[in-house]
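Student: I would like a close look at one loop residue, and then an account of what else can be said about the model. Please keep it plain.

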Amino acid sequence: MATPLSLREGMKPMKWNVMRKWTTLLTLDLTDKHLGQLPDELFDLNELQALKLDKNKNIQLSEKLTRLTNLKLLLLDDCNLKTVPAAVMKLPQLQTLSFSTNENITLPDEMSSLVNLTVLHLDNCKLDTLYPVVLKLLNLQKLNLSNNKKISLPDELYKLNNIIVLSLRQCELGTVPPAVLKLSQLEELDLSWNRGIHLPKELSGLANIRVLKLWGTDMATVPMVMCRLKQLEWLNLSSNPLQTLPAEVGQLTNVKHLDLSCCQLNTLPPEVGRLTKLEWLYLCYNPLQTLPTEVGQLNNVKQLNLSLCELHTLPPEVWRLTQLEWLDLSSNPLQTLPAEVGQLTNVKHLGLSHCQLRTLPPEVGRLTQLEWLNLRSNPLQALPAEVGQLPNKANLDVSENPLIKPPPEVCSQGVTAIRRYFDELERSEENANTRLKVVVLGEKMAGKTSLVQTLRSGKSTLTRYEDRTHCVEITHWAPDDNVTFEVYDFGGHDVYHLTHQFFLTPDAFYLLLVNLETYSCTEHRYTEAVGLWLDTLNARVPGAVVSLVGSKEDRCRPDDVKTKTSNIQERIKQQMALWERNLKQRINTLESLQKMHKGDSSKSVEDITQQLTHANRLLSQRLHIDGDVHCVSVKPKFRLSSMFSSSSHIKLKYFILETARNTTLFPTLRTILPKTWVDFEQSLRIEGSKRAPEKAAKNETGSSGESSPLENIQQSWLTTADCARIGQLAGLSSDRLESVLSYLQQVGTILRYTDIPELKGLVFHDPPALVEIFKDLFHHDTKELFKTSKFADFTSSQLKQFQSVLYDRGLIRKEVMTRLLPPEINPDIVTALMQNFGLCFEMQDETDPSKHNCWYRIPWYLQNHMPVELKYVWPEDVPEEQEQLQLMCDIRGFCPRGLFQRFSVGIHPLVQDRTDWKDGVMAYRQDYPVLVCSKPTADDTYITMATRGSLAQAGEMWGVVHPLLEVLVQLMQEWPGVLYSLHVTCAHCIKARLDNPHQYDLRDRTADDGRDVRCPRVKRTASTSADLVYRPSMLSAVTSRTSLTQMRPSQQNDFYKMTSDPRSLALIISNINFTDPSRNRPGGEKDLDNLRNICEKLKLQLEIREDLTAQEIEAVANEVSRRDHGSYDCFVLFLLSHGGETGVLGTDGQHVSVDSIVSSFQACKSLVGKPKLFFIQACRGVDTDKGLEHTDANIDEESSTSQGWREASDGATDQATKSPPPLPTAPVTSAACLESPDAGEKTLPTTSDRLVMYATVHGHVSWRNSDTGTWLVQVLADVITEHAETETLLEMLTRVNAKVADFKTQHQEYKQQPEVTHTLRKKLYFFPQAAVNQNP
Ligand SMILES: Nc1nc2c(ncn2[C@@H]2O[C@H](COP(=O)(O)OP(=O)(O)OP(=O)(O)O)[C@@H](O)[C@H]2O)c(=O)[nH]1
Ligand SMILES: [Mg+2]
């Protein structure tokens, strides 16, 4: 039972909408608490103003309730009430009462005592008539009767002559009830989802109606009466089977917002042109093929949505709507855009995705206000250079276009990169580059290098036995003038398998060589020579193009060749069938899970849907394996025989050329690059070619043909100065270098790690050289490792010790590691790289802060089993008083090599005191023991992570193990083709030590889950607590004791994932110009500039909406919250306007509640679990703050001048002096109403992961300077610019709070104190690497 203290703590100020007026009430929320009675202590809370008791089925309300004499608002939704409790009727001060979803509730006459009631919710109550008592509630302003089937309304309804909002959504009404037609004061009527409803002619008598909602009413024609409602400002007719609109629609000359989306309109009447006040016109999803030219008369339309229509062209008049800010033409069969598009100089958002555009006119460059241009999925091959003239910050999406000029790698970097590319093209010359990456794979000694050399030279070449390939050799092969192949020849030795994966990219052509001489038709040989390689490619680059080459044909008899190649082909078919079977099985499982959880709104449902989409994509994206095995021999033939047949390698060359030219397989083979870039790349390559020791030696003796710009410097990486020198040779000044470096990085030719402190400023121009360095540290025979002369000065017992520590425990001292590396190489850079690749981790030695003598662990070396002594820490039997929480990742079929080792490196920052062995780690996290294991079986690999504690600690135990699982899931993203599922092992089965314990699918706990779960293995007798089976929806926060120094962003659970680019959509709603010009907000433009800078800094995708009315603000928020934010890691809203205690102001002087905006985003499925950030720059009342003391005399001179504008509030004092708002409001000010969302949903949004920053505390004003903008935004911009890379959001906002608190106006010395409220569950760094940078 709740104590009085906890009840009082539960009281919170909360805002409520009272007929477009907002007020803050002291609220207690006891929703869904299974209360039969209210606790006695509650009645002592006599200051309570709002009480939420929703979903307490069968609650009894005693007389004591009447002691709550300040109660104004009472919510009793879904409480199973049969009648209004007597005590409720003795609360005459009540202003808002909600009985939604109490089926068949009766309203007794005594309810007439509620004389102050203004808002009554009776929706979804199965009422067939309105109780007479309602007619006595003469102060009612809003009545919600939605979802009461066939409700009949008495004629006397007209007595309620204060009603201005009536909701009758989804009531199965055949016609508008006559009584409604008499409510002449009605302003808003919602009749949506009454299918087939008749609109009688008397409707035109509703002279005050301004908002009419009629969506989904099965309306095939627009009734004439509607066209007579000339005062209508907002009309929603979407989702109706309308094929045409009558000419009379042109009479609605006051309409500003018209929604006709999802109808069946083929044409529009020319009379639409008369709706000259229209500001929003939504026509999406209609089979419109043309538009009337009169659309060109809509001179006020700012938003025009024509997506998903059938428009091949638009009338020229549309391009003259120069005031348009938002034009969506996506998914129309448009083939060209006319030059006139350049006239839309105000357009900010232009949607042209999924059209059929082959070219763009240069005039798009004139759209200087553009913030968002979406050209995704068009057949565009080239962009006009003028695209580079668009604003730098314009977000450009040209993905899924076969672009060759500029290549996709340039486009993906944005407008600035595109401009630099075209500038460079103009300065230098165009170089048509037809290039393809060809990767040659296969077992060691398969003949890869011999084949590559033969293909390049055109004559049979055999390597010698000792010419083994180290890691990867990259060479260029130009078989004719039209194409160059960049050939990656992989060393086949096992030692390279761990590092090869980093070079496998989706756009390459793979040649898999099988040595026909050593191939035998057994399963084992197939797996080694073919199966494993195909599995790796299928897992890493699903959808890639692969051809099989049978090598050393000369070493086999012809019939053997035939048998072996057919065997290979047959087994490939079987392997592909197995992949398909596994994939389909996974899809089936996911589909049944999806069905099982249909309707849940938890994060797990979203996860399932995402996995299903991914699995289905894999099904259509399998490896493209050419059916033949192309047999070659590169052994020189006797002259005589070669006269009769062309060599097999020549045939192979033509086959490779033909495949490369197949535009279906390689659509972007050709790219156009500036010649300077091509020359620069070539110079880099020359540098790279010097790296091999023998080549370097040659170079030193001057025998190399190619001359290096960095003569005599043997480098594995380049510094900025080196690059500048190479650039100069290619004709690139240093200010133009960044473009080519970014391009080469995108293509994968070079590597850069600008966010790792040790590696900042370095360019790894020869990636294989890096791996070559690692190779010196990876040698199966650890004795061999230390036999070199580098260790001559060590004693044999020392060497023996190095070797045994490395062999037994995978440990190596930094100084020993340094010896193993080439002498000129900086070991810090190598270790930083190795950690980044997941190959080793640094062991903390607290006694050696200089890290001079630190140890590294390379898990790859570990061969030992779990040390026996650990059994004392983690006995096989779970101790009686403990439970084991175990999460499991089941990897189906192929498991990538080295995955567990990389995972074990990945978890390092999250654990302490670890012990590692071959396939496991035992460590501590938050003082809990953690056991991580890998167990390969014939078909699957199981990776488990477990902890133990008492049942009461279950919540914390989840917090201990779940972050480890997240590290694994993150790693798996490098392997999109690997199938895996996540589970929780049955705690009962573990304790009972049953073989094959039951594995539950990992999912969030829902309200429907009981307290216990029966163990599926021993159904009748055993059960386990649901706390150990379902993931709590909010995991207990775990603060890691580990230093942040080693953390990598992907490995954190204490941090929000913040890696998407852009990070988030940033919606800015800025009101500067108001209907009442005396309210205009000069200085607001400066805020916009500051916010643009913030968005650029934080990588946010900007979307600005200016000067919106209250209703428009709500509509925009609703629309944006319904979008798919799946590709973003968070959401940000900046709302800048006037405001008061009751919310922020639209340009029409009406209020919008911040809470309602926030909650629409809380309900957005694609933002579940992601931070949602709201910055509200507006007054929150009329009070000014003189402050207590002034510690800092840093006066803002500007803000103190006479032009310094206060963010004038719309509170009581201001209201008295301002012109009255357009809508007449009732005399009541503090009653509240529940504004139901437009979609009529009743689900309560979750409240976690959000942050709201208000410019000022409740009841106070905030300040703006007409030259420099608002105090809050100025400071926010400064703080973010300075600290975003090193601090969490909350740390920065604390600075903002402090800095703004230091401001004061000069004359009156008024102060302002911003306020942050949040429910963030993790740290939020916009730049995850900040965690590293702050502890360099
Ligand atoms: N008879 C014959 N020998 C070949 C042929 N191709 C390669 N060889 C020999 O096979 C051995 C290995 O050839 P490489 O081309 O170096 O093999 P690789 O696949 O590059 O080997 P790694 O670099 O170690 O992975 C060498 O001794 C070659 O001379 C061929 O077509 N016929
Ligand atoms: Mg080789």
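At 25% relative accessibility, as what does Asn-124 count?

Tutor: This is a predicted model, and Asn-124 counts as partly exposed in it, with a relative accessibility of 25%. The reasoning needs two cut-offs: buried means under 20% and exposed means over 50%, with partly exposed in between. The residue belongs to the loop between strand E6 (119–121) and strand E7 (142–144). Its backbone also deserves a look, since the phi of Asn-124 is near 60°, a positive value in a residue other than glycine. As background, most residues other than glycine have a negative phi, and most peptide bonds are trans.

Trp-193 can be read alongside Asn-124. Its phi is positive too, about 60°, and Trp-193 is not a glycine. Trp-193 sits in the loop between strand E9 (188–190) and strand E10 (211–213), and with a relative accessible area of 29% it is partly exposed. The peptide bond from Lys-405 to Pro-406 is another backbone feature: it is cis, with omega near -5°. Pro-406 is in the loop between strand E18 (395–397) and helix H4 (408–411).

Next come the ligands. Ligand 1 is surrounded by 20 residues, and the closest of them are Thr-449, Ser-450, Thr-463, Arg-468 and Gly-492. By class, this shell holds eight charged, eight polar and four nonpolar residues. Three contacts of ligand 1 involve its oxygen atoms. One such atom is 2.7 Å from an N or O atom in the side chain of Thr-449. Another contact, also at 2.7 Å, is with a backbone N or O atom of Gly-492. A polar backbone atom of Met-445 is 3.0 Å from an oxygen atom of ligand 1. On its own, ligand 1 has 650 Å² of accessible area, and the protein covers 92% of that.

Thr-449 appears again at the metal. The magnesium ion, ligand 2, is coordinated by OG1 of Thr-449 and OG1 of Thr-469, at 1.9 Å. Thr-449 is in helix H6 (residues 448–457), while Thr-469 is in the loop between H6 and strand E20 (472–480), so the pair ties together parts that are 20 residues apart in sequence. Thr-449 and Thr-469 are both buried.

Strand E20 leads on to the strands that follow. E20 and E21 make a hairpin with two residues between them, and their pairing is antiparallel over seven bridges. Within this pairing, Trp-477 stands opposite Phe-485 of E21. On the parallel side, strand E19 (residues 430–442) is joined to E21 by six bridges, and Val-438 stands opposite Val-487 in E21. Strand E21 (residues 483–490) is mostly covered, with seven of its eight residues buried. In general terms, strands of a sheet pair through backbone hydrogen bonds, either parallel or antiparallel.

One further sheet completes the account. It is open, has three strands in the order E43-E44-E45, and its pairing is antiparallel. Strand E43 (1139–1140) and strand E45 (1151–1152) are at the edges with a single partner strand each, so one side of each is left without a neighbour in the sheet. E43 is joined to strand E44 (residues 1143–1145) by two bridges, and Gly-1140 has Gly-1143 in E44 as its bridge partner.

Key: Residues numbered from 1 in each chain as written. Chains lettered and ligands numbered in written order. Predicted model: local features only at pLDDT ≥ 70, side-chain atom pairs only at ≥ 80, totals over all residues. Heavy atoms only, no water. Near = heavy atom within 4 Å. Polar contact = N/O pair within 3.5 Å; in protein donor to acceptor, adjacent residues only side chain to side chain. Areas by Shrake-Rupley, 256 points an atom, 1.4 Å probe, with all protein chains shown as cover. Nonpolar A, V, L, I, M, F, W, Y, C, P; charged D, E, K, R; others polar. Donors = N, O, S within 2.8 Å, 3.2 Å for Na, K, Ca; no water. Helix = DSSP H or I, 4+ residues; strand = E, 2+ residues; numbered from the N terminus. Buried < 20%, exposed > 50% of the residue type's maximum accessible area, 1.4 Å probe, protein only. Pairing = 2+ DSSP bridges.
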